[in-house]
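The following paragraphs lead the reader through a structure, beginning with charged side chains and aromatic rings and ending with a sheet. The reader may wish to keep the sequence and the model in view throughout.

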Amino acid sequence: MDNNVCEENTYQEIFESLSFSLRNFIFFKSGDVQQAEDITQEAFLRLWKACAKVLPEKAKSFLYTVANNLLLDQIKHQKVVLNFQKVPQKKETIEDPEYLYQVNEFQRILEEAIAALPEKNRVVFLMSRLEKLTYQEIAERLGISKKAVEKRMSKALVELRKLTDKI
Amino acid sequence: MEQPFKDDTLLGRWLSGEISEAERQEVEAHPQFEKWKRLVDATDRLPLPAYDQVTLWDRLQLDKAELKKKIGRRRKFVRLVIASAAATLLLLATPFILDRDDTFTTVIAEKRTESLPDGSSVQLNALTTIKFKEPNWSEARSVRLKGEAFFDVESSAIPFTVTTQMGEVRVLGTSFNVFAREEGFRVSCFEGQVLVVVNSDSVRLVQGQSVKRIGNKLERLAQTNANVPEWMSGETMFINEPLENVWKELERQYDVKVIMTSNPQLFYEGPLPHNNLRQAVEIICNSLGLTPTFGDDKTVRIE
């Protein structure tokens, strides 16, 4: 049987198609890149251990469930701070410093507001906007309905607007 | 929270483009439209943290190699034992090996996810045991539970049964939570349908419904719209729970002993976080006007 998670090729394919997404998923939840990568590694190791019992088409939900659980075990009520890198500025265009300041300030406020969103809405919102996953893909990974994804997206945007109202 | 539109999926569908022309105009006419658009555009420009897939893959290969070594050692040890006592042991052990239960267990303060032979998954709350027989799995998907666990069951024509000392749950494919401890028996359905059986009483639950055993009867509880039980997100929610049951859950989530100096009939309504003992005790005590004292010998005295 070649379509088996214990098969090195299949396992590597799963890793290549899902590891970045899984890392992002945990990062969206906890805001800690290092933690997100450690959890991704551990989740894939557990998939390897359980490879005989997990069908390839179930690997996705297995990984997301395990990663989510690992995070729950680790979280010590840390405050979520999402450390995005600074948006690279185009060097050749000499921008008005006042304009640059406003752009950076807006990004800072936006990041804070995203971090302040309820976790469920934040994760869905970022999976869609930053990872460009379709609602159907998000629904499958989180084990919720597509309609629930649409609702969480709506809520996230309405809440974001409120949280950033001062600007 | 007030909604900008009656249809609470509308904004979400506007973002994904799955929207009719009339709906699009409705969104664009909204006074907040420009702000939403600006926020979405700015979010889209946020860069994700760098990711080095190759390095992570290499680290994973090391982990896997480490795993192989361990399994190799264990195999050698098993061979040695069998060789040294082959004849007698084998004869005696064969029926035992075939009939052996597979067991998942969690200790105090531990939570764990495991997969069952058909790919169904089960998440165990603290101090919980699950037993099943893997060889029988293709005929009967049957587990015995003591404690609390959330099941996400793969669809199949073979029924999936959870047996406890206090009642039984039968399903075909769905997700549900079973609480079966000395304090009582509760089942909540999060997806699909489940059948809960206690003696001669049985109740069919659909998504969002819960049931609790009272005496020899099953009684329905309030509807919820959660996707998973609260304990999986790191706290237990109580609704009008006798205080002694709340302390029992505390003792399962933290390695402590609670001593009540008096025995008032109190009921608690609220959360019990699983990650901060002091905070958990204080939330409960504050709401009931009690005073906790934390001992250094893993005890909490409540006055």
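Arg38(B) lies over the face of Phe106(A), 4.0 Å from the centre of the ring. The model is a predicted one, and the values that follow were computed from it. A second charged residue is placed in a comparable setting: the charged end of Lys64(B) sits over the ring of Trp48(A), at 3.9 Å from its centre.

From charges over rings, the description passes to rings paired with rings. How many aromatic pairs are there over all chains? The count comes to 17. One of them is formed by Phe15(A) and Trp57(B), whose ring centres are 4.9 Å apart and whose planes make 50 degrees; since planes under 30 degrees apart count as stacked and those over 60 as edge-to-face, the pair is therefore classed as tilted. Phe15(A) belongs to helix H1 of chain A, residues 8–30, whereas Trp57(B) belongs to helix H4 of chain B, residues 53–84, so this pair joins two chains. Phe15(A) and Trp57(B) are both buried.

Another tilted pair is made by Phe27(A) and Phe28(A), with 6.1 Å from centre to centre and 50 degrees between the planes. Phe27(A) is buried, as is Phe28(A). In chain B, ring pairs extend to a cluster that links Phe104(B), Phe132(B), Trp137(B), Phe151(B), Phe160(B) and Phe176(B).

Chain B may now be considered as a whole. Its secondary structure comprises seven helices and 18 strands. The chain has 303 residues, of which 41% count as buried. Its accessible surface comes to about 16,700 Å², and carbon and sulfur atoms account for 53% of that area. Among the contacts in chain B between residues at least 6 apart in sequence, 39% join residues at least 24 apart.

One sheet of chain B merits a closer description. Three strands form this open sheet in the order E15-E18-E17, with mixed pairing. Which strands stand at the edges? They are E15(B), residues 257–260, and E17(B), residues 292–294; each has a single partner strand, so one side of each is left without a neighbour in the sheet. From one strand to the next, the twist averages 20 degrees.

The mixed character of the sheet can be followed strand by strand. E17(B) and E18(B), the latter spanning residues 299–302, pair in the antiparallel sense over three bridges. Within this part of the sheet, Thr293(B) has Arg301(B) in E18(B) as its bridge partner. The hairpin of E17(B) and E18(B) has four residues between the strands, and Lys298(B) takes a positive phi near 60 degrees there. By contrast, E15(B) pairs with E18(B) in the parallel sense over four bridges, and Met260(B) stands opposite Ile302(B) in E18(B).

Two helices complete the description of the sheet. Helix H6 of chain B, residues 243–253, packs on the sheet and touches E15(B) and E18(B), its direction making about 155 degrees with that of E15(B). Helix H7 of chain B, residues 277–288, also packs on the sheet; H7(B) touches E17(B) and E18(B), and its direction makes about 165 degrees with that of E17(B).

Technical notes: Residues are numbered from 1 along each chain as its sequence is written. Chains are lettered from A and ligands numbered from 1 in the order in which they are written. This is a predicted model: local features need pLDDT of at least 70, side-chain atom pairs count only at pLDDT 80 or more; totals for chains, interfaces and linings use all residues. Side-chain values use heavy atoms; hydrogens and water are left out. Rings of Phe, Tyr and Trp (its six-membered ring) pair if their centres lie within 6.5 Å; planes under 30 degrees apart count as stacked, over 60 as edge-to-face and the rest as tilted. Buried means under 20% relative accessible area, exposed over 50%, partly exposed in between (1.4 Å probe, protein chains only). A charge sits over a ring if NZ of Lys or CZ of Arg is within 6 Å of the ring centre and within 35 degrees of the ring normal. Contact means heavy atoms within 4.5 Å. Accessible areas come from the Shrake-Rupley method with a 1.4 Å probe; for residues, only the protein chains shown count as cover. Two strands pair if DSSP finds at least two bridges between them. Axes are lines fitted to C-alpha atoms, for helices over the stretch in contact, and angles run from 0 to 180 degrees between N-to-C directions.
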